[in-house]
Amino acid sequence: MTGAPNTEPAPSAIAQEKRGVSRYAFALIPLVVFAGIAAIAAKMLYDQDVHGKNIAEIPSALLNTKAPSLNLPPLEGSNLPALTDAAVKGKLTLVNVFASWCIPCREEHPILKELAKDSRLNIVAINYKDKNDNALGFLGELGNPYKAIGVDPKGQAAIDWGVYGIPESYLVAPDGTILYKRVGPFDDISLKEGLYPAMEKALGKAGS
């Protein structure tokens with residue numbers, strides 16, 4: 001007596017089917033990643049267009065926390081002190097990250113020179129992945145708004161501060177708390193709506 005015919009797929013067919021599904025799932029990964037990135041970008045653009053948010057004002061996990069410790073060697077030939085904790089302690093300080101090869105840094109520099117005229121504000125710099133002579137040439141051509149400069153040739157300090165790209169600036173309270181962060185060069189809007197209010201708030205607290 002013959003049994004019923006075996007309708008189960010052969011083991012080799014099952015293995016091939018599983019491999020096909022795996023390849024299909026693997027091929028979908030780039031599409032899923034791209035969709036996620038696109039969704040984030042769309043949300044940023046929506047916030048900018050509808051809510052008037054400035055996408056350059058990227059939130060930082062360091063806001064309202066103590067600033068990372070500073071212990072960077074000086075820019076040789078600048079006749080300025082090294083950038084250490086002592087250079088910012090007890091002062092309302094703007095920590096600016098710049099490099100001579102950064103075109104937006106050049107555009108921002110006149111604004112920093114104007115800010116440096118405010119005796120209430122201590123402006124210091126992290127010179128990011130730059131060559132010493134090029135940084136000196138940059139300052140020699142455009143002027144120096146800084147009270148201290150520390151060199152960061154490998155970008156380690158920038159990582160500690162959570163730098164996205166340069167120029168980038170952090171307003172640090174006299175007690176060492178990061179109050180405000182600006183990604184990209186300052187402009188009239190970011191000064192009026194970001195930096196100045198943060199400064200006045202900090203100075204008001206210091207005077208109370």
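These notebook entries record what I looked up in a predicted model.

**Conventions.** I number residues from 1 along each chain as its sequence is written, and I use heavy atoms for side-chain values, leaving out hydrogens and water. Because the model is predicted, local features need pLDDT of at least 70 and side-chain atom pairs count only at pLDDT 80 or more, whereas totals for chains, interfaces and linings use all residues.

**Confidence.** I began with pLDDT (the predictor's confidence in each residue, from 0 to 100). The protein chain averages 83, and 70% of the residues score at least 70. Over residues 36-56 I found pLDDT under 50 throughout. For that stretch the model has nine contacts beyond four places in sequence, a contact being heavy atoms within 4.5 Å.

**Disulfide.** I searched the whole structure for disulfides (pairs of cysteine sulfur atoms within 2.5 Å) and obtained one. The bond links C102 with C105, at an S to S distance of 2.4 Å. The disulfide is right-handed because the torsion about the S-S bond of C102 and C105 is about 85 degrees. I noted that both cysteines, C102 and C105, are buried (under 20% relative accessible area; exposed is over 50%, partly exposed in between; 1.4 Å probe, protein chains only).

**Hairpin β6-β7.** I take strands as DSSP runs (E, at least two residues; helices are H or I, at least four), numbered from the N terminus. Strands β6 and β7 form a hairpin with five residues between them. In the turn, G176 has a positive phi of about 95 degrees. The two strands pair (at least two DSSP bridges) in the antiparallel sense, over five bridges. Strand β7, residues 178-183, has five of its six residues buried.

**E168.** Where does E168 lie? I located E168 in strand β6, residues 168-172, with V183 of β7 as its bridge partner. E168 has 0% relative accessibility and therefore counts as buried. I then listed polar contacts (N or O atom pairs within 3.5 Å; within protein, one atom able to donate a hydrogen and the other to accept it, with residues adjacent in sequence counted only if both atoms are side-chain atoms). The side chains of E168 and K181 make one of 3.3 Å. The E168 side chain also reaches the backbone nitrogen of Y164, at 3.0 Å.

**Core.** The largest nonpolar core (buried Ala, Val, Leu, Ile, Met, Phe, Trp, Tyr and Cys joined through side-chain atoms within 4.5 Å) holds 48 residues. L83, L94, L115, L171 and L195 touch the most other members. Beyond four places in sequence, L195 contacts L94, L115, L171, Y180, F186 and S190.
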